[in-house]
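Reader: I should like to discuss this structure through a series of questions. Please show it, and set out the terms as they arise.

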Amino acid sequence: MSAPNNSKPTALSSVHERLGASFTDFGGWWMPLRYGSDVAEHLAVRQAAGIFDLSHMGEVLVTGPEAAAFLDYALVGRLSAVEVGRAKYSLLCNEQGGVIDDLIIYRLGQDEFLVVPNAANTPAALAALEGRTGTPDGHTFDVTISDRTEATALIAVQGPASEAILLEVVTADSVEAVKALRYYAIVDVVVETGDGELPVKLARTGYTGEDGFEIYVDAEADPEAPQRLWTLLESAGQSYGLVPCGLASRDSLRLEAGMPLHGHELSESIDPFSAGLGPVVALKSKVSFVGRDALAAIKESGPQRKLVGLANDTKRAARPGYAVLHDGDTVGEVTSGAPSPTLGHAIALAFVRPDLAEVGTELQVDLRGKPTPFTVVALPFYKRER
Amino acid sequence: MSAIDKVNKDYRYSAEHEWVDSASPAKIGLSQIAVDALGDVVYVDLPEAGATVTAGEVCGEVESTKSVSEIYSPVTGTVAEVNDAVIDDPALLNSDPYGAAWLFSVEVDSEGDLLSPEEYAAAQDQE
């Protein structure tokens with residue numbers, strides 16, 4: 001099976017083919033969905049480690065003397081407060097308070113930020129950022145925005161064995177940097193590929209609910225570098241139980257960890273307060289940013305719906321779009337759902353009427369005509385032991 | 001891998017990916033192509049023994065981690081036997097779709113539109 005003409009391959013596509021992956025188009029990219037069993041891939045990340053190609057994710061560099069002030073205006077968070085070498089989760093909202101995209105922003109330097117949008121949203125996020133370099137009162141931010149998506153490969157290693165695996169591949173000089181790297185932080189390290197040294201950006205971030213790393217590789221400087229790094233990590237990880245993981249397990253892992261996926265729990269017509277992301281919106285500490293007025297009004301009146309976790313003790317999953325019922329009335333809609341590989345029962349995220357969002361509330365989901373009991377449970381569904 | 005490599009040559013197929021063997025009663029199952037598209041199967045819902053099934057109509061469900069799809073009966077008749085092993089261990093569908101993971105057997109009154117292995121595979125390659 002070859003990539004359809006309109007799907008972009010990543011720098012690692014030939015590796016996935018060698019590994020026998022099933023592919024899918026995701027956000028315009030030709031991505032591995034699974035290599036064998038997605039449940040086995042999921043459990044490997046919970047128990048040992050998994051390696052993911054995330055090169056479909058966007059990479060946008062924002063640089064210049066006003067980079068921090070610009071991001072404070074363009075995003076809902078206070079990026080100027082982020083220390084160099086640290087990361088922050090934030091949202092790009094429209095004027096109505098809807099979420100154009102959710103992003104991770106790394107502060108690489110005083111005047112340099114790496115913004116990582118979702119694959120499918122990268123064009124929209126870029127356009128929104130570029131459209132916000134000037135304010136309505138006539139100020140133009142002194143920033144440069146450059147799209148590095150095509151030039152960057154992103155490999156994630158996630159799971160409890162991740163640090164041990166990373167330590168196997170970095171040079172002696174980088175060992176301490178890996179060990180000292182905190183959650184939501186990023187550092188330059190050097191990988192010893194056996195074929196020379198490879199500088200990479202190593203972040204302790206992820207989308208799985210486990211400890212893990214995301215490794216940004218400059219594929220423009222060296223087009224072979226992503227493949228060399230993947231192969232190195234795969235062989236270094238073998239004795240730790242590392243397996244290649246596709247997007248199917250990435251989705252079930254993030255769902256167990258209660259993390260939103262844009263297009264499901266977030267969209268241009270969903271505000272952060274409904275999605276349980278109110279604390280991400282810096283209404284108190286920032287005077288002016290795009291969407292502020294609308295977001296302040298939503299916070300004041302309270303959201304019309306709330307995102308909740310649902311679970312029952314069967315394996316019959318509630319799927320996106322299924323109606324949530326209470327006393328025979330439709331009171332909400334499922335946004336994501338799956339049989340949880342770790343927990344062994346069905347879990348789902350759903351928007352429901354705010355008065356039905358309390359943990360313990362008994363609801364039903366219409367499973368293709370069969371109203372099936374589900375209970376509102378606390379999020380996340382799964383939390384790792386620390 | 002082209003579709004023909006995932007097709008068992010001893011069976012005939014419905015366009016909805018069910019296979020039928022030539023025994024009587026006839027065993028019904030899901031093709032490897034369908035199972036591969038589903039991913040890890042976690043739940044199978046089948047008609048009960050004695051139930052009447054109609055060619056082209058929904059008679060059950062198969063659910064995986066990522067999706068759910070309906071099972072269409074490829075034949076009309078009465079269900080003779082249901083494979084309890086696949087209900088107890090739905091992962092059998094992933095490991096042995098043409099063998100241990102047969103779904104149910106039917107005393108066939110009439111067949112729906114069934115495709116030869118080659119016709120079924122060719123239809124998949126076109127997609």
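Author: Buried means under 20% relative accessible area, exposed means over 50%, and partly exposed lies in between (1.4 Å probe, protein chains only). This is a predicted model, in which local features need pLDDT of at least 70, side-chain atom pairs count only at pLDDT 80 or more, and totals for chains, interfaces and linings use all residues. Residues are numbered from 1 along each chain as its sequence is written, chains are lettered from A and ligands numbered from 1 in the order in which they are written, and side-chain values use heavy atoms, with hydrogens and water left out.

Reader: Is Lys370(A) buried, exposed or partly exposed?
Author: The relative accessible area of Lys370(A) is 46%. Buried requires under 20% and exposed over 50%. Lys370(A) is therefore partly exposed.

Reader: Which residue of chain B meets Lys370(A) in a salt bridge?
Author: A salt bridge is a side-chain nitrogen of Lys or Arg within 4 Å of a carboxyl oxygen of Asp or Glu. For Lys370(A) the N to O distance is 3.9 Å. Lys370(A) lies in strand β19 (residues 370–377) of chain A and its partner in strand β4 (residues 41–45) of chain B, so the pair joins two chains (strands, E, at least two residues, and helices, H or I, at least four, are DSSP runs numbered from the N terminus). The partner is Asp45(B).

Reader: How many residues apart are Glu234(A) and Arg18(A)?
Author: The side chains of Glu234(A) and Arg18(A) meet in a salt bridge of 3.6 Å, N to O. Glu234(A) is in helix α7 (residues 225–237) and Arg18(A) in helix α1 (residues 13–18), both of chain A, so the pair links distant parts of the chain, Glu234(A) being buried at 18% and Arg18(A) exposed at 53% relative accessibility. Their separation is 216 residues.

Reader: What is the distance between the closest N and O atoms of Glu111(B) and Arg12(B)?
Author: Glu111(B) is partly exposed at 43% relative accessibility, and Arg12(B) is partly exposed at 34%. They form a salt bridge, and the closest N and O atoms are 2.6 Å apart.

Reader: Which residues of chain B belong to the salt-bridge network with Arg316(A), Arg319(A) and Arg368(A)?
Author: Salt bridges that share partners join these residues into one network. The members from chain B are Glu61(B) and Glu63(B).

Reader: What is the phi value of Arg368(A)?
Author: Arg368(A) is placed in the loop between β18 (362–367) and β19 of chain A. Its relative accessibility is 29%, which counts as partly exposed. Phi is positive here in a residue other than glycine, with a value near 50°.

Reader: Which residue does a cis peptide bond join to Ser24(B)?
Author: The omega angle of this bond is about -5°. The partner is found in the loop between β2 (18–20) and β3 (26–30) of chain B. The residue is Pro25(B).

Reader: What separation do the centres of domain 2 and domain 3 of chain A have?
Author: Chain A is divided into domain 1 (13–57 + 151–253), domain 2 (60–147) and domain 3 (305–386). These bounds come from an automatic or database domain assignment. Taken over C-alpha atoms, the centres of domain 2 and domain 3 of chain A are separated by 34 Å.
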